[in-house]
Amino acid sequence: MRASRGIVGIALGLAAGLAFGVGGVFVKPLLEAGWSPGAAVLARISIAAVLLVVPGLIALRFDLRPLWRARWTVLLFGVVAVAGVQFAFYASLERIPVSMTLLIEYLAPIALVLFAWASTRRMPQLIVLGGSALALAGLWLVIGPGGGDLDPLGLAFAAIAMIGVCVYYAIGERASEQVPPVALIAAGFVVGAIALGIAGLAGLMPMEVALVDVAFLGGTAPWWVPLLTVGAVSTAFAYAAGIAAIRLLGSRLSSFLGLSEVIFAGIVGWVLLGEALGPLQILGGALILGGIVLVKLERAPRDPATVEAVPEPMPVSTAA
């Protein structure tokens, strides 16, 4: 049973990585046509919220009281793990190279390992530390950070995006204890869309749209086709599959599986956009996969409380 849960969890984690990874292919034509990143993000999150609101209500049996009891979790998820990550990511891109932004954001798995180390004061197993180092080296090769003006504010925004990713995994691991995951995601999207809308109205994030036909998968399509695709596949499905994987595998392994998004993004860009991968990027992908395997091989610690106690012998009465 545990093995089957692990296989399903890994499949869901990789599916989420693939769905997140292809998002750039769907959004890029919109950005090239004149959409601002803020408008594209707000639209994709709003579409995902509309798609998941009915499944979320069904999961709650149309009883909103669990959402109210978990209001701080929902607020944290929507503002930090959804809106905060997107806002900080694009704010960082305006100040530092995209490769450096991605590298900092995808330090989230390493940050989770270090946080667990600090909070429990128990050193991770060497195989986890080795897998972390291997995945970090692979990530460096895949992204290939270059030079550029490393603006301190840009680095700070990238770090905020990384913290938001950590919050996503941490909340996802404990979501089922308070509210059904699909309801959490739907409510989080609603909160995130509202937060991004407020940021747009306040002028913190430009909201520009271009309602024209765009290049899409080798042809031409109306602007709403890639928008619906990214909202359904790379947002609604990706978040749902990711949360399901976290429930089955835990935040640590799921966060390392999340690194597959970088690999899938490179492969999809190669196949659909002709952006060829170099030898170092292919090697980096192999190192990331190796790091994931090492983390998966971590042995579960023995819990003294779960060790079956040896029953004491019952006294034998000598009375007649």
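These legends describe close-up views of a predicted model.

**View 1. A nonpolar patch lies on the surface.** Four residues make the patch: Val53, Val54, Ile58 and Phe62. Together they give a nonpolar surface patch of about 390 Å². Phe62 sits in the loop between helix 3 (37-59) and helix 4 (65-69). Is phenylalanine 62 buried or exposed? Phenylalanine 62 counts as exposed because its relative accessibility is 59%, and exposed means over 50%.

**View 2. Aspartate 63 and arginine 65 form a salt bridge.** Side chains of opposite charge can pair when their charged atoms come close. Here, the side chains of aspartate 63 and arginine 65 meet at 3.0 Å, N to O. How many salt bridges does the structure hold? The count is 1. The two partners can also be described by their accessibility. Aspartate 63 has a relative accessibility of 24%, so aspartate 63 counts as partly exposed. Arginine 65 has a relative accessible area of 56%, so arginine 65 is exposed.

**View 3. The model holds a cavity.** Rolling a probe the size of a water molecule over the atoms shows where empty space is left. The structure has 1 cavity of 30 Å³ or more. The largest cavity has a volume of about 30 Å³. Its lining is made by Tyr106, Leu107, Pro109, Ile110, Ser132, Ala135, Leu136, Leu139 and Leu259. Two or more residues of this lining come from each of helix 7 (108-120) and helix 8 (126-143). Which helix gives the most to the lining of the largest cavity? Helix 8 does, with 4 residues.

**View 4. The lining of the largest cavity, sorted by class.** What classes of residue make up the lining of the largest cavity? There are 8 nonpolar residues and 1 polar residue. Charged residues are absent from this lining. Among the nonpolar lining residues are Leu136 and Leu139. The polar one is Ser132.

**View 5. Phenylalanine 87 and alanine 199 are far apart in sequence, by 112 residues.** In space, their C-alpha atoms are 8.8 Å apart. Phenylalanine 87 belongs to helix 5, which covers residues 71-93. Why does phenylalanine 87 count as partly exposed? Its relative accessible area is 23%. Buried would mean under 20%, and exposed would mean over 50%, so a value in between counts as partly exposed.

How values were computed. Residues are numbered from 1 along each chain as its sequence is written. This is a predicted model: local features need pLDDT of at least 70, side-chain atom pairs count only at pLDDT 80 or more; totals for chains, interfaces and linings use all residues. Side-chain values use heavy atoms; hydrogens and water are left out. Patches are made of residues with over 30% relative accessible area and no salt bridge: like charges are joined within 9 Å, nonpolar side chains (Val, Leu, Ile, Met, Phe, Trp, Tyr) within 5 Å. Accessible areas come from the Shrake-Rupley method with a 1.4 Å probe; for residues, only the protein chains shown count as cover. Buried means under 20% relative accessible area, exposed over 50%, partly exposed in between (1.4 Å probe, protein chains only). On a 1 Å grid over the protein atoms alone, a cavity is a set of points where a 1.4 Å probe fits but cannot get out, and a pocket is an open set with protein on both sides within 12 Å along at least five of seven lines; lining residues have an atom within 4 Å of a point. Grid points are joined across faces, edges and corners, and a volume is the space filled by probe spheres set on the points.
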